[in-house]
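I am opening a fresh page of my notebook for this structure, and I will write down each thing I looked up in the order in which I came to it.

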Amino acid sequence: MEEIVRQQKIKIAHKRKIQSKTLPFIGKLGIALILLIEIYPIIWIILSSFKSTQEFNMTPSYSLPTAIHLENYVTAWKAGKMNIFFTNSAINTLVSLIFILAFSTMASFALTKMKWKGRDLVLKIFLSGIMIPTVIVLIPLFTVYKNVGLLNTRTALIISYVAFGLSLSIYLLSTYLKYIPDDLIEAAVIDGANIYQVFLEIILPLLKTGIVTVLVIQFFFKWNDLMFSMTFVSKTELKTIQTGLLYFSDMYGNRNWGAIFASIGISVMPTLLLYGCLNKMVIEGMTSGAVKG
Amino acid sequence: MEKVLGDKKAIALFIVPPLLLFIGVVFIPIIWSIVYSLYSGMPGVKFDFVGLSNYTKMMQDKTFWQAFWMNMRYVGIVTSGQILFGLLMAMIFQFAIKKYKVFVRTIVFFPVVLPSVAVAQLFSKMFEITPSYGLINALLEVMGLTELIQPWLGQGGTAFGVLCIMDIWTAIGFYAVIIYGALVDIPGEVIEAAQIDGANSFQLFRRILIPLLKPILTTCFIFSLSGTLKMFESATALTKGGPGVATRSLSMFMYNTSFTYSEYGYGSTVAVFILIECLVATCLVGLISKKLKGDV
């Protein structure tokens, strides 16, 4: 019996040797192909954004730019109003993030560490929001905003962004909070700290990773929003980067490819930067909803 | 201790503002939409109670069913594509890449965080035909496959195909990372033991990996379904639902009905239908995976 197992093991080792000889080449080729498919379109956009109009007409679209033409960016930024759209999105996103952070840290602290009746029910109410499709609230919100004069304002967008950012943020922060031992809170209370000191001086510093994760995920969701901004805002001066990008390509259509590529480049610039610096955290944050759930 | 953690004033301060906002902006509008679905027309102009007749109208509406079937085909193709390619990529991470694992993972995940409008613009330029060939048509030309050069986004069938490819492309990294996380947790001895028992690669995959990965695959299905069932942004940005209605999803149909034709009552009916669809899908996946648990 032992002999058979031993022979099997040798056989497997042998088989592995063959595999490890053939795999590297095919494997490397396959992996290179996958990487190419995943990343080349993005490189293509960036390279194309430096081409002149003439180059677009004369050379095939996969060719490299002959010189770096930054005028596409100037056109997109100024004439294409990307400066307005970019600023709008930056303001909306920033203000929303501040509120989401304040609300979700307070709520998740009260929901996991404090003791009161109805706690579980309130947590369930918040968490149920994760599965709800946004289209179901569009008409009522549109009607309300219209009646109180909030259509075509940043406020309408920010209110909607914050409310729809709460479920996932509270869920994530609650899972982080569960790892903070109650003894720490107890010790602080015995030392005479009140509840606000516990929250601000003990809990918040310990939640740092959770907070950064929530900020990063919510940044992407708010920066990338299309549905709310195309519903609640129609004035050009208030359009966000995503609605602006659509508007922009409708305006310029096929006439100015360079400017379109540049405008796409502008819209993904913050994403690229953030991802470049924090990619490990971004990946963990974005997938944590699925992994922990 | 109890007194500090049970401080009613502090609890109210911590919970009431977010809860009010959440109930006001998310919860009440859901009920409101359900009520609206029983009316016809537009509030303030002509808004009549019509009972369930919006629902019977929906069942007989050809354009509704067009959007519904397009959406179902999209769900079938994109959800299976996202999970299959995600699984494949996760296997590559685990078994084929030794060095640069983190680097590859970082690259593959990147499209996940890109704005869908930017991705859609990118794809529409890749598949462009006029005034000059986009990336795909230019490559086909240089490879001598001129008969394949076509207006990809100008024909219903190919536009739908491009849409599916785009939405699979953006999500592969997401599912790969999730599934890979579960693959890493499978102890090496389990796989080795199976190999010693003489299992080949396919048996290993079918009998060992799939059953062990089932919980995470279920989660992936729920995630993917809830995204594809309510698809709106990618097709809006890529084709605006066209050509014709070839890429118009249910959410887009709902949006047009409500905001282009101002039929709030009927639009709400479609929105309620989408909500029910999402809830049913989640429950179904949960039930099926529970049932399968016994018999693998």
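Entry 1, a helix of chain B. I began with α12(B) in this predicted model, and I asked how many of its eleven residues are buried. I found that eight of the eleven are buried, so α12(B) is largely enclosed by the rest of the structure. I listed the buried ones as Leu250(B), Ser251(B), Met252(B), Phe253(B) and Met254(B), together with Tyr255(B), Thr257(B) and Ser258(B). After α12(B) I came to Ser262(B), where phi is positive, near 55°.

Entry 2, the loop before that helix. I then went back to the loop that runs between α11 (233-238) and α12 (250-260) of chain B, where I found Lys240(B). This lysine is not a glycine, and yet its phi is positive, at about 55°. Is Lys240(B) buried or exposed? I counted 14 other C-beta atoms within 10 Å of Lys240(B), and because a residue needs 20 or more to be buried and 12 or fewer to be exposed, Lys240(B) is partly exposed.

Entry 3, a lysine in chain A. I looked up Lys81(A), which sits in the loop between α3 (71-79) and α4 (82-112) of chain A. Its phi is near 60°, again a positive value in a residue other than glycine. Lys81(A) has 18 other C-beta atoms within 10 Å and is therefore partly exposed.

Entry 4, a pair of strands. In chain B, I followed β1 (residues 39-42) and β2 (residues 46-49), which pair in the antiparallel sense over four bridges. Across this pair, Gly41(B) stands opposite Phe47(B), which belongs to β2(B). The two strands, β1(B) and β2(B), make a hairpin with three residues between them, and in the turn I noted Gly44(B), with a positive phi of about 90°.

Entry 5, where the chains touch. How many residues of chain A are in contact with chain B? I noted 77 residues of chain A in contact with 79 residues of chain B. Sorting the chain A side by class, I have 54 nonpolar, 18 polar and five charged residues.

Entry 6, confidence in chain A. I closed with the mean pLDDT of chain A, which is 85, with 89% of its residues at 70 or more. Which elements of chain A have the lowest and the highest mean pLDDT? The lowest, 70, belongs to helix α1 (residues 2-48) of chain A, whereas α4(A) has the highest, 95.

Technical notes:
Residues are numbered from 1 along each chain as its sequence is written. Chains are lettered from A and ligands numbered from 1 in the order in which they are written. This is a predicted model: local features need pLDDT of at least 70, side-chain atom pairs count only at pLDDT 80 or more; totals for chains, interfaces and linings use all residues. Two residues are in contact if their C-beta atoms, placed from the backbone, lie within 7 Å. Ala, Val, Leu, Ile, Met, Phe, Trp, Tyr, Cys and Pro count as nonpolar, Asp, Glu, Lys and Arg as charged, and the others, Gly among them, as polar. Two strands pair if DSSP finds at least two bridges between them. pLDDT is the predictor's confidence in each residue, from 0 to 100.
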